[in-house]
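Hi there,

Here is the structure I promised to pass along. Have a look, and then read on for what turned up in it.

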Amino acid sequence: MYKIDIMTLFPDTMGDMLSDSIIGRGQERGFLRAECHQIRDYTANKQRQVDDYPYGGGRGCVMYAQPLCDLREHILSGADGERVRTIYLSPAGKTFTQRDAVRLVNDYDRLILVCGHYEGVDERFIDACVDEEISIGDFVLTGGELPALVVADAVCRLVPGVLPDEECFAEESHWSGMLEYPQYTRPEVWRGRRVPEVLLSGHHENIRRWRRTQSLARTKKRRPDMFARLEPLDKRDLKLLQELSEEEK
Ligand SMILES: C[S@@+](CC[C@H](N)C(=O)[O-])C[C@H]1O[C@@H](n2cnc3c(N)ncnc32)[C@H](O)[C@@H]1O
């Protein structure tokens, strides 16, 4: 069973999100266990204060290292023999990708996701206890809760058994460095827009080729950075792109 422990000041709000959707179903079926822990329960002061003014001055407050470290140690005390990774969600971390989600599910049995708030956490906690810092993008949010849910969702759906089979994600955007092809469902015509004829043909090889072409073309147009990483393309892909550009002439 894959485990996720989230260290947060808002465990109740997080709990609702984790008991629904893919993560909730994965938990019900015994493939996952996601738990939220209240950082405030580990403070060493009567007021249950979790933060204080930054040394050197400046606006806002910084979260104490002590409650974060004590809570992490409490979680680790129940993680005998498990491969645990402690991750601090931070706008100063490395940007999260699908490749990271795959790595985290393959290389570890348990993730501890630390949600910061205010101006962030005392750097000494990061130095002493954190294995890696992950950002979900080049913007700043109020807290680490949404980023932790983003990482948890991306990882949990890859845990074997959570989705019906690997095909559910193996053709999705980012899995193999490309964007996914367009998808359609009923009806065949909606507001005068028809589903591409090839998808109704039942011809599996033609459908596969169409989807591959669409994926390549979309990636090239929308994400030239990803497309550049696909190069050199193999002969079959080059041929598909050539056929597409001839059709578009
Ligand atoms: C207001 S932010 C602190 C920003 C920090 N002072 C800085 O400039 O890097 C509060 C918390 O939100 C979380 N957070 C904000 N933006 C994030 C992002 N893009 N990715 C991951 N976590 C983020 C982090 O846990 C952070 O400790």
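To start with a question: is Glu243 buried, partly exposed or exposed? With a relative accessible area of 27%, Glu243 is partly exposed. Please keep in mind that this is a predicted model.

Glu243 has a partner, too: its side chain meets that of Lys239 in a salt bridge, at 3.6 Å from N to O. The two are four residues apart in helix H10 (residues 235-248), so about one helical turn separates them. Lys239 is also partly exposed, at 48%.

Helix H4 (residues 98-107) holds a pair with about one turn between its members, Asp100 and Arg103. Their closest N and O atoms are 3.1 Å apart in a salt bridge. Here Asp100 counts as buried at 7% relative accessibility, while Arg103 is partly exposed at 25%.

A salt bridge also joins Arg33 and Asp5, with 2.9 Å between the closest N and O atoms. This one links distant parts of the chain, from strand E2 (residues 32-38) to strand E1 (residues 2-8), 28 residues apart. Asp5 is buried, at 0% relative accessibility. Both residues belong to a network of salt bridges with Lys3, Glu35, Glu82 and Arg110. The count of salt bridges comes to 21.

On the overall layout, the domain assignment gives domain 1 (2-156) and domain 2 (171-248), with 38 Å between their C-alpha centres. Asp165, Glu166, Glu167 and Glu171 form a negative surface patch. Of these, Glu166 sits in the loop between helix H6 (145-156) and helix H7 (167-170) and is exposed, at 51%.

Best wishes

Key: Residues numbered from 1 in each chain as written. Predicted model: local features only at pLDDT ≥ 70, side-chain atom pairs only at ≥ 80, totals over all residues. Heavy atoms only, no water. Domains from an automatic or database assignment. Patch = residues over 30% accessible without salt bridge, like charges linked within 9 Å, V, L, I, M, F, W, Y side chains within 5 Å. Areas by Shrake-Rupley, 256 points an atom, 1.4 Å probe, with all protein chains shown as cover. Salt bridge = Lys/Arg side-chain N within 4 Å of Asp/Glu carboxyl O. Lys, Arg positive; Asp, Glu negative; His and termini not counted. Charge placed at Lys NZ, Arg CZ, Asp CG, Glu CD. Buried < 20%, exposed > 50% of the residue type's maximum accessible area, 1.4 Å probe, protein only.
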